Every structure is written in C-alpha cells, then in structure tokens.
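Take a look at the structure below. This report walks through how its parts meet.

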Amino acid sequence: MQNIMLKNFGIILTGRPYGVQIYSELQKEYDNATEVEFDFSGVASLGSSFGEEVIVPFAKKQGNKITIKSAIGPVRSCIQLIAKDFGLMIDFK
Amino acid sequence: MGDLLSLSEAAEFLGISRPTFNARRLEHKFNEIIEGNKTLIKKSDLLSLYAKEQYRTQLLNLIVTEDDSLEKILIDKNTFDLRLINLIDGYGIISLITTAVSRLESGESFYIIWGDTSVTRILKAAGFFSELKRRFENRVFYNEEVSKVSDVAKPYLALHYLAYKGQERKMLEDLVPLLTKQNFNADVVGHLGWITGELADNSLTHAKGPCYVLIGQFNGNNSYLELAIGDTGKGIHGSLKENPKYKALPDQEAFLKAFQPKVSCWSDDKERGKGLCDLLIVAIGNGALLRVDSKEMGLMFNFTNGQREVMKRTPASKYGGARFCLLLIKDQFLDITREEVDSFIERERGGLCKI
C-alpha cells in the first residue's frame with residue numbers, strides 16, 4: 001500500500017485546476033502502484049473540486065474503494081460528500 | 001484628470017445657489033480652466049468644499065441583515081459620501097468595493113467624500129482605500145488625503161484581490177495560523193477554507209475576472225468568522241443561463257436553482273455544480289447566516305437557531321456581479337447531505353419565485 005502525504009502539496013487543498021495538476025503529478029509517480037491511500041495529516045482544508053480531481057480517479061482504479069487517514073472534521077465531511085457523489089467506499093483511519 | 005464641471009454644474013454638485021458658489025470661488029481660488037467662453041472647474045477640486053457645505057445625518061446601514069442601498073450615498077453617479085453610512089460589515093465593504101471597481105473599470109473617475117467616522121476607519125483598516133489606490137490611483141479623488149484617516153483595531157484581515165486561480169490558497173495558508181492563534185478551532189477554520197476555495201474558484205472561473213475576499217474575526221461573548229467575497233462578473237443567474245438547459249428560466253428562479261446540486265453552467269456530462277451546494281451544506285450545518293447578491297437580486301439564507309428559510313432581499317448595489325457574505329456563528333458543524341439542500345431549495349423555489 002502506497003501512502004500519499006497530501007500535506008506535501010499544501011495545507012489548503014482547494015481549486016479544481018490545482019486538483020488536476022496534483023493528480024497529474026501523482027499519476028506519474030504512482031501509476032504502477034497496486035493500491036494507494038491518502039494521508040491528510042496536517043491538511044487544514046479540502047475543497048470538493050480538488051477532492052474530485054484527486055481522490056475519485058485513484059479510488060476508481062481500486063474498485064471504488066480508498067483508505068483515508070488522519071482527516072480532520074471538515075476534510076472528512078468533504079470526502080464523505082465526494083464519496084456519495086461518486087459511489088465510493090471510504091475507509092477512514 | 002477627472003471630470004470638468006461648468007460653474008452651474010459645480011453649484012448643483014455642491015447643492016448651493018450660483019451666487020453662493022460665486023462667493024465660494026472668491027474664498028477658495030479654484031484652478032479654473034477656460035475653454036472657449038466656458039469656465040470649468042475640476043470636480044476633484046470641489047470635494048473638500050462639498051464636505052464643508054453638505055452634512056447630513058448617517059442614514060445607511062450597509063450590513064448583511066438590512067436592505068439599504070448604496071444609491072443613498074451616491075451624490076451623483078460616481079461620487080460616494082461615506083459619511084452617510086452608519087454601520088458597515090463585510091457585506092457592506094464588499095458591496096462598496098465591487099461598486100467602485102465596476103465604475104472605475106468602465107473608465108470613469110470616482111470621487112469619495114469621507115469624514116472621521118468609525119466607518120471610514122473600518123474601511124481603512126480593511127484596505128478599501130489602499131486597494132483603490134493600488135488599482136486606480138489616478139482616477140480616484142477624495143475631499144482629503146485618506147492617509148489622515150485615524151487607525152483603528154482591525155476586525156478585518158486585509159481585503160484580498162485575487163486575480164488568478166491559486167491565489168486563494170496562498171491567502172488561506174497565511175490566514176490559518178493567525179486564526180488558530182485567535183482561538184478559532186480547526187473545524188471553523190477548515191470549513192472556512194473549503195468554502196473560500198470553492199467560491200473564489202467559482203468567481204475566477206465564471207466572472208472571468210478577479211474577485212475580492214474579506215475575512216473578519218470577531219471575538220467576544222460569541223466569536224464568529226465573517227467571509228465576504230465579491231466580483232464584477234455577470235452574476236450567478238447570468239452564468240447559469242449560459243447552459244442552454246437553464247436559458248429560459250426567469251432570472252430569480254435561475255438564481256435560486258444555482259444552489260441545487262448538479263446544477264451548473266457546464267453541461268451535465270462534466271458532473272459539476274457542487275460549489276454553491278457546498279456553501280449551503282456548510283451554512284446549514286453551522287446554523288449560519290448567509291447573504292447572496294447576484295446583480296440586481298438578493299437573497300438571505302437564515303439557518304440560525306434551527307431555522308431553514310430564504311428570503312428575497314434588496315442588494316446593496318446593482319453594480320458588480322456576485323457577492324456573498326457568510327457569518328459562521330457556532331463552533332459545530334453538522335453533516336448535511338446534498339439531498340437535504342436539494343429539498344430545501346425545491347421547497348423554497350415554489351414560494352419565492354412566485355413573488
């Protein structure tokens with residue numbers, strides 16, 4: 001399982017174009033990974049536009065499932081909305 | 001240079017008779033410009049005299065809960081008398097700046113009369129004057145140098161001008177430690193960042209231009225955060241109606257519908273239309289107050305004390321595009337679903353759009 005620390009891209013993760021950019025970078029690095037999990041330690045805010053561009057494509061490659069670690073309240077709430085919008089199963093740790 | 005006025009126009013602007021104005025000319029020795037057989041005076045030279053000649057009581061509350069219009073402080077189409085404002089908040093500040101910028105972006109000059117009032121001090125602290133100077137220095141005129149405005153404690157963190165996507169992230173990253181130091185908890189700060197990011201992204205995408213963001217922090221018996229965002233675009237309903245699916249909707253209906261999930265100016269296959277819905281999700285979950293203007297229309301969403309209602313309001317200004325002011329009142333955020341927002345809007349549309 002590859003752990004991706006999203007804080008490396010900032011503590012405020014918002015904006016669709018930024019999400020597209022980060023996904024593009026992550027895809028190159030983790031293209032061959034069988035499974036990834038996202039670690040939100042230190043992330044203060046997540047926007048649903050960003051989340052859609054990053055979380056959803058990775059989750060879809062993993063049978064619509066993904067593990068999310070250390071998400072604080074507002075980040076978790078945002079991810080739950082995204083999960084419902086796209087039919088994802090989220091394992092919050 | 002600003003506008004040139006004839007002697008009659010100058011007297012009319014000052015609200016005094018022509019003989020009285022002639023007496024004032026002798027006292028003040030204006031720089032008069034002769035063009036043919038006309039004597040002209042720069043409007044900017046009249047502002048300090050205006051401030052002395054005209055004094056009216058403060059009559060305008062430019063705040064989120066009221067319907068006062070900026071028209072009341074317009075002496076003429078491009079002159080504000082700020083002394084007429086009694087109370088102002090983030091909604092008022094954003095309304096003022098987007099109105100002034102709309103005028104200035106059209107190439108006009110702008111004139112501002114100010115007095116040493118609490119409103120002027122708040123505007124200075126929020127960065128209103130410095131922003132106008134930064135963008136339009138040669139076309140904004142005052143009755144007196146605004147550097148003379150007294151300083152005041154800053155409830156508002158400075159007015160941020162966001163010209164391109166991504167700037168809001170830098171602004172928020174600088175803000176988070178400041179707000180945390182002020183004992184705002186991670187939940188409030190995190191939700192503020194989420195919504196600011198969505199609304200700024202919306203503005204920069206749909207308004208196709210810059211937006212202004214203002215964040216206020218109020219500590220007291222009830223601490224709250226105030227988020228105000230405004231742009232000079234085509235408004236929420238104008239953007240939505242770019243989608244052929246919604247083109248035929250009346251403006252008021254399009255305005256309210258834009259808050260429903262999966263409703264967007266983009267085609268359905270893009271799966272957009274979540275930003276404004278997210279705003280209501282956060283506002284309902286927090287029990288917040290939310291004011292939204294779209295051009296000449298306004299709405300106020302009241303989710304305080306368990307209520308869920310939306311009312312039509314008269315916007316402070318018919319200029320500018322979209323304006324938002326969200327008061328995050330409590331520390332707790334309940335999880336609200338998109339379906340709840342959808343049902344709420346459907347229920348309210350029926351009543352609101354018939355008025």
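Is B:Arg121 buried, partly exposed or exposed? The model is a predicted one. In it, B:Arg121 has a relative accessible area of 23% and is partly exposed, because buried means under 20%. Its salt-bridge partner is B:Asp116, with the closest N and O atoms 3.1 Å apart. B:Asp116 is partly exposed too, at 47%.

**Salt bridges**

Side chains of opposite charge can pair when their charged atoms come close. Over all chains, the whole structure holds 32 salt bridges. The table gives three of them.

| Salt bridge | Closest N to O distance |
|---|---|
| A:Glu52 and B:Lys274 | 2.7 Å |
| B:Asp116 and B:Arg121 | 3.1 Å |
| B:Arg338 and B:Asp278 | 2.7 Å |

Look at the pair B:Arg338 and B:Asp278. B:Arg338 sits in helix H12 (residues 338–352) of chain B, and B:Asp278 sits in helix H11 of chain B, so the salt bridge ties together parts 60 residues apart in sequence. B:Arg338 is buried, with a relative accessible area of 5%. B:Asp278 is buried as well, at 0%.

Salt bridges can also link up into a network. One such network joins B:Asp67, B:Arg291, B:Asp293, B:Arg313 and B:Arg323.

**Where the chains meet**

Chain A touches chain B through 25 residues, and chain B answers with 26. Together they bury about 2000 Å², 54% of it on carbon and sulfur atoms. A:Ile12, A:Pro74 and A:Leu81 supply 25% of the area that chain A buries here, more than any other three residues.

The interface has 3 salt bridges. It also has 11 residue pairs in polar contact. On the side of chain A that touches chain B, H3(A) gives the largest share, 9 residues. That side divides into 11 nonpolar, 10 polar and 4 charged residues.

One salt bridge between the chains joins A:Glu52 to B:Lys274. A:Glu52 is buried, at 7% relative accessibility. B:Lys274 is also buried, at 7%.

**A helix with a buried face**

Now turn to helix H1 (residues 7–14) of chain B. Its buried residues are B:Leu7, B:Ala10, B:Ala11, B:Phe13 and B:Leu14. Seen down the axis of H1(B), they fall within an arc of 160°, so they line one face of the helix. Those buried residues pack against several elements of chain B, including helix H2 (18–28) and strand S3 (38–42). After H1(B) comes B:Gly15, with a positive phi near 75°.

How values were computed
Residues numbered from 1 in each chain as written. Chains lettered and ligands numbered in written order. Predicted model: local features only at pLDDT ≥ 70, side-chain atom pairs only at ≥ 80, totals over all residues. Heavy atoms only, no water. Contact = heavy atoms within 4.5 Å. Buried area = accessible area lost by both parts, 1.4 Å probe. Salt bridge = Lys/Arg side-chain N within 4 Å of Asp/Glu carboxyl O. Polar contact = N/O pair within 3.5 Å; in protein donor to acceptor, adjacent residues only side chain to side chain. Helix = DSSP H or I, 4+ residues; strand = E, 2+ residues; numbered from the N terminus. Nonpolar A, V, L, I, M, F, W, Y, C, P; charged D, E, K, R; others polar. Buried < 20%, exposed > 50% of the residue type's maximum accessible area, 1.4 Å probe, protein only. Arc of directions from axis to C-beta.
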